[in-house]
Structure formats: structure tokens, C-alpha cells
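Let's take a walk through this structure together, one contact at a time. Keep the 3D view open and turn it as you read.

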Amino acid sequence: MGEQSQHKPQLHVLVQTESHSLPQPLHDSAAELATVPQQTAGPPAKIPSRPRKIRKLSPEDASTATATASAVSNKTSITATETVKPTKSNKTRTVQQRAIVVAAPRVVARSLSCEGEVESAIRHLRESDPLLGSLMNVHPPPSFESFDTPFLALTRSILYQQLALKAGRSIYARFIALCGGESGVLPETVLALTPQQLRQVGVSGRKASYLHDLARKYQNGILSDAAILSMDDKSLFTMLTMVNGIGLWSVHMFMIFSLHRPDVLPINDLGVRKGVQLLYNLEELPRPSQMDQLCEKWRPYRSVASWYLWRFVEAKGSPSSAVAVATATGLTQQQQEEQEQPQILDPINGILNLGACAWGQ
């Protein structure tokens, strides 16, 4: 009986100590455990002399931390904490996780013909590239307002290839009259025109075959206006370069000036490449393979950046290679002087695929 009465207070002290061991400072817990006789108290928990390694986030924890991070604005990092499952000693501990870097908010661009989108593009480009921003102060902003059906725009692109602006306009006007107006430029109308009829209005035999190939792909359902409008950029490259006479450069011009896609970088365009060289004071003209890396900071508005580079090169007195199709759509007013553009070998179809251009104010 005497021995039992002696142990009761000691057991009471031990229970109290364990129930408060976690919140107390490290030295207090050690002092309390020291008051309990060694024969009744279990071995003290091992206390590490240095911080434990931070364990990796589980998929569940990672998704929770990501959700928390996305709610934080204009901060580079946050610290996440988690409660680890109870250990064998039924204790919990708090673990400090590594800092989670919050990525900059991704800019999602819309069509450049959407209200306010050109202004958004200009703000983004000014912030991301001060050199380009200073260039943008010199030139008025672009306008992307007019819109033609994809079939009409592609037809016009083919007709203007390798022609000075004046000659392209003349042939295009006669072709439109042959079709009964722009509203009559339809796949079945173009297929009904013979190479001889097209030759009479100034369309070469090769271009006549290009027009017929485009119209035939529409008629067979390979292409359609609705499908082109809904395609992503990669699919558009794949499908349009299947048409004879339409190469990578032509697709780039079509995407910018007809579809008003915001993030198109014409890596093969001499004007854009020359503009990059002048802007960054490069010793040599950048290769097409270097363009993506040099212009990465302009995403997702590389179309607008390209537009300013064309104006920049034009102001320097060098001929820009923006397509005559752009001027024909009425996006800018026409210059009085017209120049025939240098020609570039299209890397996809192996054809000369540049038109003429004149930029307006």
C-alpha cells in the first residue's frame, strides 16, 4: 500500500508533462522530464540538435499550396506550413516548407480587333522591353479593324505575291470584277475560271494553279472559313502550308493582317529581322533560328511588336517586307511612293513568296 501511494503523485506529474511538452520551450520540457524518476518515466523523446530537413510536398499538399499561392498578388514567394500526421508518440509537429515561387500572372491575349486589345499590347510591350517602348513613342499605334473572309484573304495573298503594289492592285481589281465583286470570290467561282480567263486579267499560269488548289481544298472540305477561324496557330500552319503557293511567310502575314492573331512572329521576314538588328544594335542580321529567343519577352503580343519593327525599318529608309495584302485590307492609309520588295525563298514550299508593301501614316 505504501509503495502504491508513493507512485501516484509521480504518475500525475508525468501525465501533466506529456500533455504540455509540445508548446513549452525546449529547455522547459527537459527540466520537467528531469523531475520524473528514471524507473517510471519512459526514455525522453529524441530532440534533434539541428533543424530537420524539409520534406517534399505531397501531390495533395502541392495543389493546396498552389491554390494559396495563386491568391497572392504582386509577391515573389510565400511560406507554407502543414501539420504532419501524429507520430507513434501521438505528438504533432509543425514543419516549415520551402518558399514557393509565385509565377508572374500569364497574360492571355485576344484578337487584336477586340476593343482595347491593341492598347493592352502596347502597355505590355512597354513594360517588358524599354527599348521597344522608346520606339513605340515615335510611331502611332496600329489599327486592326477590317476583316475579310479567310478564303478571300488567302486568294488576295496569292494574287499579290512577287508584285509591286501598283501591279498587284490592278490585277486584284480585274480578278474581283471577273468574280462579280469580292462577295463573289468563292471556291466554286474560282474553280469555274479557266487558266485562260485568269491569264487575261494578268494572273500567271502558276498563280492560277495556286488559286485552283486553294479552291479545291475548300470544295473537298479539307479547309473551310469556319475551320480556319477556330484553328490554333500550329494547326493553321500545318493546314495552310498544304496549299500550293502558300508558305510559312504567307501564313504569318495572313494570321496578322487577316485573322488579327496577337502573337505571331514572322521569323523569316527581312523587315522584322532587320528591325531586331537595329533595335538591339546587333553586329549581324539575326538568323530565323535566333528570332524566337531574341523576341521572347514580347509574348503574347509579338504581332504588334513586328508591326512597330516594320515602321522602324521604314523610317530608317530600308524597304520593309510587310505584305501588300496588309495595305489592300485597308489597315493603313497608302503611301504615295510604292516599292517592290526584296524576295525571300520560302523555306516550306521552296518558292519565292514575298509581295510588295507600302506603309501608311
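Asp292 has a relative accessibility of 35%, so Asp292 counts as partly exposed; that label covers everything between buried, which is under 20% relative accessible area, and exposed, which is over 50% (1.4 Å probe, protein chains only). Before going further, keep in mind that this is a predicted model, where local features need pLDDT of at least 70, side-chain atom pairs count only at pLDDT 80 or more, and totals for chains, interfaces and linings use all residues. Residues are numbered from 1 along each chain as its sequence is written, and side-chain values use heavy atoms, with hydrogens and water left out.

Now, what does Asp292 meet in a salt bridge? The partner is the side chain of Arg302, at 3.1 Å from N to O. A salt bridge here is a side-chain nitrogen of Lys or Arg within 4 Å of a carboxyl oxygen of Asp or Glu. Arg302 sits in helix H16 and Asp292 in helix H15, so this pair ties together parts that are 10 residues apart in sequence. (Helices are DSSP runs of H or I with at least four residues, strands are runs of E with at least two, and both are numbered from the N terminus.) Unlike the partly exposed Asp292, Arg302 is buried, with a relative accessible area of 6%.

By that rule the count comes to nine salt bridges. Another one joins Asp263 and Arg299, whose closest N and O atoms are 3.4 Å apart. This pair links distant parts of the chain, 36 residues apart: Asp263 is in the loop between helix H13 (248–257) and helix H14 (270–279), while Arg299 is in the loop between helix H15 (288–294) and helix H16 (302–315). Asp263 is buried at 18% relative accessible area, and Arg299 is partly exposed at 34%. Helix H16 also has a bridge of its own, between Glu314 and Arg311, with 3.4 Å between the closest N and O atoms. Those two both lie in H16, three residues apart, about one turn of the helix. An α-helix has 3.6 residues a turn, so residues three or four places apart point the same way. Arg311 counts as buried, at 3% relative accessibility. Through shared partners, salt bridges also join Asp263, Asp292, Glu296, Arg299 and Arg302 into one network.

Next stop: helix H7. H7 runs over residues 165–179, and its 15 residues reach 21 Å from first C-alpha to last, close to the 21 Å expected at 1.5 Å a residue (the expected span is 1.5 Å times one less than the number of residues). Which residues of H7 are buried? They are Leu165, Gly168, Ile171, Tyr172, Phe175, Ile176 and Cys179. Seen down the axis of H7, these fall within an arc of 140°, so they line one face of the helix; the arc is that of the directions from the helix axis to the C-beta atoms. The face turned away from that buried side carries the exposed residues Lys166 and Ala177. After H7 comes Gly180, whose phi is positive, near 85°.

Just look at the loop between helix H6 (150–160) and H7 and you'll find Gln161. Gln161 is buried, with a relative accessible area of 3%. Its C-alpha atom is 9.8 Å from that of Ile246, which is 85 residues away along the chain.

Time for some rings. Rings of Phe, Tyr and Trp (its six-membered ring) pair if their centres lie within 6.5 Å, and planes under 30 degrees apart count as stacked, over 60 as edge-to-face and the rest as tilted. That gives four aromatic pairs. One of them is Phe151 with Tyr218, edge-to-face, at 4.8 Å centre to centre and 70° between the planes. Phe151 lies in helix H6 and Tyr218 in helix H10 (residues 205–219), so the pair ties together parts that are 67 residues apart in sequence. Both Phe151 and Tyr218 are buried. The rings of Tyr160 and Tyr172 have centres 6.0 Å apart and planes at 45°, so that pair is tilted. Tyr160 belongs to helix H6 and Tyr172 to helix H7.

Finally, the core. The largest nonpolar core has 68 residues, and Phe175, Ile228, Leu240 and Trp298 have the most contacts inside it; such a core is a set of buried Ala, Val, Leu, Ile, Met, Phe, Trp, Tyr and Cys residues joined through side-chain atoms within 4.5 Å.
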